[in-house]
Amino acid sequence: MASGSSLLPPQVPMELHIRNRKKLLESLHQHLSHSSRPLHGFVLLQGGEEHMRHDTDHVDLFRQESYFAYLFGVKEPGFYAAIDVANGETILFAPRLPDDYAVWLGEINQPSYFKEHYKVDKACFTNEIASVLEQRYQGSGTPLLFLLYGLNTDSNNFAKPAEFQGIDKFDKDLTTLHPLLTECRVIKTEMEIALIQYANDISSEAHIEVMRNVKVGMKEYQLESMFLHHTYMYGGCRHCSYTCICPTGENSAILHYGNAATPNDKTLEDGDIALLDMGAEYHFYGSDITCSFPVNGKFTSDQSLIYNAVLDAHNAVISEMKPGVSWVDMHIDVNDMLSARLGGIFMSHGLGHFLGIDTHDPGGYLKDLKRINEPGLKYLRTVRELQEGMVMTVEPGCYFNDSLLLPAMNSPQLSKFFNQKVINRFHGFGGVRIESALVVTATGCYNMTKCPREIHEVEAVMAGAPWPPKI
């Protein structure tokens, strides 16, 4: 690999997905046994489909559906897969491709190729699903399919159960699979953690590359471009975990800046603070990192004040993370200001979220857990206690957003908490967020993000000092 990076993209063994399937099967067997149900039937998932741009023939770059990726590691569209509940054998179903596929898109691989490449027990075509499963069914009565259907509590969208010609010949269970499979994804294996670590390593490196090259007068999208170039050129990351968020100046108070209406196109001005929230994805597994710094390389006293307050919160949360700690308790204090949830005016999001195959990995509200409908708490992506093997982001922030500040400062209940003169001094400041990815260990947690955080570290790196610093 070129000298622009110290990292090499790792080879990913399919054993990772074999272990994920074994984990699901053990959970499913336990659930069925406790329910006095027979260990028969098939887990059946439908992979993602390619999508064209509106009414054109432009095909958007495909990325596999996340549950399918978790269990099978398949990168191509149009697949199905089944797991025999009785014995754990896995069958992959590939689409039949037309002959001219080989002219336009590449070699047409046969089922035998996919069987070997993805390390499954059998591979067939998708038009054979019904016949193959009927022939393999060992139970009595009509074969049962465990289909994926359930709510994603981050998006409020539902996972789509598999559909195929001949499905009417099977009984369908739409309630068992989703909570079990989602819970499997919450606790990461060592192999999953290694991939998330790589995604964080190359993303940390790319953030540092941006810090070293940012200049007043650039456009925000040039910072995005530097990050994307580094993670793809040196890290082999064709996908990002999410759309890059690259606001500077007052834009940095907008939490998900960088969308089509705010396309990272402001010119960087002397005195601006940059808030760069960017993370690469490698073999489906992602990273989520935010760095905040002055675009001219030197913090002002006001920037230092806000930055250090956010950094103190970031470090305080990390120091308390360990199995058994309530994620909600991290957000709560008993003083008058926070009992009024005033913190929600300056930080309207939660302290973090699960991270894995999805940036906002699912599982935050399983087992009848409910959201807390209070300012500063209603946007929490989970209210669970921490467990070993969870991967969480920690991302406190402080934002001066007029859409939140002005109503609060004009409120009879809240205005007494504000020093209007000081708040006005920060008008147009934007915001600061510091975000790292942590894996919960048996006794605490480990920070997977490798970016400079202390002010003197950030300023040194921006001035050209090596990172990590030479001892």
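## Exercises on burial, helix span and salt bridges

S304 counts as buried because its relative accessibility is 19%, where buried means under 20% relative accessible area, exposed over 50% and partly exposed in between (1.4 Å probe, protein chains only). The model is predicted: local features need pLDDT of at least 70, side-chain atom pairs count only at pLDDT 80 or more, and totals for chains, interfaces and linings use all residues. Residues are numbered from 1 along each chain as its sequence is written, and side-chain values use heavy atoms, with hydrogens and water left out.

**Exercise 1.** Determine which residues S304 contacts beyond its neighbours within four places in sequence.

*Solution.* Step 1: contact means heavy atoms within 4.5 Å. Step 2: with those neighbours set aside, S304 is in contact with F299 and I455. Step 3: S304 lies in helix α9, where helices (H or I, at least four residues) and strands (E, at least two) are DSSP runs numbered from the N terminus. Step 4: the buried residues of α9 include S304, I306, Y307 and L311.

**Exercise 2.** Compare the expected span of helix α9 with the distance between its end C-alpha atoms.

*Solution.* Step 1: the expected span is 1.5 Å times one less than the number of residues. Step 2: α9 covers residues 301–320, which is 20 residues, so it should span 28 Å. Step 3: the end C-alpha atoms are 29 Å apart, which agrees.

**Exercise 3.** Describe the surroundings of L438 in strand β17.

*Solution.* Step 1: β17 comprises residues 436–440. Step 2: L438 counts as buried because its relative accessibility is 0%. Step 3: not counting residues up to four places away in sequence, L438 touches several residues, among them I318, M321, M390 and Y446. Step 4: the C-alpha atoms of L438 and D361 are separated by 14 Å, although the two residues are 77 residues apart along the chain.

**Exercise 4.** Identify which parts of the chain the salt bridge between E281 and R63 ties together.

*Solution.* Step 1: a salt bridge is a side-chain nitrogen of Lys or Arg within 4 Å of a carboxyl oxygen of Asp or Glu. Step 2: the side chains of E281 and R63 meet at 3.1 Å, N to O. Step 3: E281 lies in strand β11 (residues 280–282) and R63 in the loop between β1 (42–46) and α2 (66–72), so the pair ties together parts that are 218 residues apart in sequence. Step 4: E281 is buried at 8% relative accessible area, whereas R63 is partly exposed at 23%.
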